[in-house]
Amino acid sequence: MRISPINYNYYKPSFKSTTRTTYISNSDGVFVLPSYNRQLGKTKQFSSNSDVKMINSNTTNFFRRDIDWKTLGKIFKKQFPQGKVNIYDFACSDGSEAYSLIITLIEQLGEKNAQRFFPIIASDVDEEIIRMANSKKIVATSEDIFSMGNIIKDGNIKKYFSITELGGEKFLLTPKEILTKNVTFKKESIVQGLDEIQKQENNIILARNFWKYLSREDLINASWKLGEKTNKKTLLLIGNFDLASNCCYPYFLEALGFDYHDENELADNILRKKEEYINPKTTSFVSWKDFVEGQYPRYIPSYIR
């Protein structure tokens, strides 16, 4: 069976967005499916392996397992023992990650002490996904509920959400004010969002699980801007999907001087800049552009444009 051309811009499920994926087909143009299938371009639905490419995926869930959430509050407090801390959550999808982070900080630092990390500025370039986040409705699975129980000390999930059972191990979650007042959602690209960051301030940047979806131009501009807007205090959180094929963190982050935050702690996918690190590739935008372009084809998987 072949997927018919879709003439509207976005697939619009009731609330669920954690598996919403956008593809482009040489014959059908851009279309959106509510299922996450990285092998779509290799199925018998299409005439050739190159007919379909994935543009982006909003796949997410609560407490995604490529971060050690149980130590996150301690790491943030150690890195920033006092003062206001700004948290930017780029490619935030339906808000699950931002809510996960708010819950984590409240549970580990206490609601009062966590306030200096709020509000979280959560953004996504996808207008539809931001509409979903602002709807304050999220469909969760039983696995999401189980993950929350591991973080919430007393197991009282209803402290944070009103819950309606949907059947089939699905639940409709309505976040309560303890969550909604501590996050701001907006439509914005990472380059636009990075422009708003003040380098001298205390900043935590979540830029997770989207780098491989960026075009050459966007990857060059976003990574260059990231280098300009961060210093040795900044914490940068990435995801497993961002890692290179050899499971190392991305080549452009390494060139910018980022390294694992603390090898003595369980701080997977948390990076910060090395002190006094200078790479000749970062001396000018022209040299940076040449460097990123040269490595780009080896970093981007074949099933992505």
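**A walk through the fold, starting from a cysteine**

Start at Cys247: the closest cysteine sulfur to its own is 7.5 Å away, in Cys248, and that is too far for a bond. A disulfide would need the two sulfur atoms within 2.5 Å. Keep in mind that you are looking at a predicted model. Cys247 is exposed, with 57% relative accessible area. Cys92 sits at the other end of the scale and counts as buried, at 1% relative accessibility. Searching the whole structure turns up 0 disulfides.

Now step back for the overall picture. The protein has 305 residues, and 52% of them are buried. Its secondary structure adds up to 10 helices and 13 strands. If you take the contacts with a separation of 6 or more, 74% are between residues 24 or more positions apart. The accessible surface is about 14500 Å², and carbon and sulfur atoms hold 49% of that.

A good thing to find next is the open sheet of 7 strands, which has mixed pairing and runs in the order 9-5-4-10-11-13-12. Strand 9 (183–187) and strand 12 are the edges; each has a single partner strand, so one side of each has no neighbour in the sheet. On average, neighbouring strands in this sheet are turned by 25° against each other, ignoring direction.

Let's go along that sheet. Strand 4 (residues 86–90) and strand 10 (residues 203–207) run parallel and are joined by 5 bridges. One of the residues to look for here is Phe90, whose bridge partner in strand 10 is Ala207. Further along, the sense of the pairing is antiparallel: strand 11 (residues 235–237) pairs that way with strand 13 (residues 270–273), over 2 bridges. Leu237 has Ile270 of strand 13 as its bridge partner. Strand 13 also pairs with strand 12 (residues 258–260), again in the antiparallel sense, this time over 3 bridges. There, Asp259 is partnered with Arg272 of strand 13.

Helices lie across these strands. Helix 1 (residues 69–79) crosses strand 4, strand 10, strand 11 and strand 13, and it runs at about 155° to strand 11. Helix 4 (residues 127–134) lies across strand 5 (120–124) and strand 9, at about 155° to strand 9.

Strand 5 is worth a stop, since Ser123 lies in it. How accessible is Ser123? Its relative accessible area is 1%, so it counts as buried. Setting aside neighbours within four places in sequence, the contacts of Ser123 are Asp89, Phe90, Ala91, Cys92, Ile130, Lys186 and Glu188. You have met two of these already: Phe90, the partner of Ala207, and the buried Cys92.

On to helix 2 (residues 96–109), whose 14 residues reach 20 Å from first C-alpha to last, close to the 20 Å expected at 1.5 Å a residue. Of those 14 residues, 13 are buried, so helix 2 is largely enclosed by the rest of the structure. Right after helix 2 comes Gly110, with a positive phi of about 90°.

Helix 10 (residues 285–299) also has the span you would expect: 15 residues at 1.5 Å each should cover 21 Å, and the end C-alpha atoms are 20 Å apart, which agrees. The buried residues in helix 10 are Trp288, Phe291, Val292, Tyr296 and Tyr299. Their cover includes helix 8 (216–229) and helix 9 (251–255).

Finally, look at some backbone oddities. Most residues other than glycine have a negative phi, and most peptide bonds are trans. Where in the model do you find Ser93? It belongs to the loop between strand 4 and helix 2. Ser93 takes a positive phi of about 60° even though it isn't a glycine, and it is buried, at 4% relative accessible area. Lys136 likewise isn't a glycine and has a positive phi of about 60°. Lys136 is placed in the loop between helix 4 and strand 6 (138–141), and at 35% relative accessibility it is partly exposed. The peptide bond from Phe118 to Pro119 is cis, with omega near 0°. You'll find Pro119 in the loop between helix 3 (111–114) and strand 5, the strand that also holds Ser123.

Key
Residues numbered from 1 in each chain as written. Predicted model: local features only at pLDDT ≥ 70, side-chain atom pairs only at ≥ 80, totals over all residues. Heavy atoms only, no water. Buried < 20%, exposed > 50% of the residue type's maximum accessible area, 1.4 Å probe, protein only. Pairing = 2+ DSSP bridges. Helix = DSSP H or I, 4+ residues; strand = E, 2+ residues; numbered from the N terminus. Contact = heavy atoms within 4.5 Å. Areas by Shrake-Rupley, 256 points an atom, 1.4 Å probe, with all protein chains shown as cover. Axes fitted to C-alpha atoms, helices over the stretch in contact; angles between N-to-C directions. Expected span 1.5 Å × (residues − 1).
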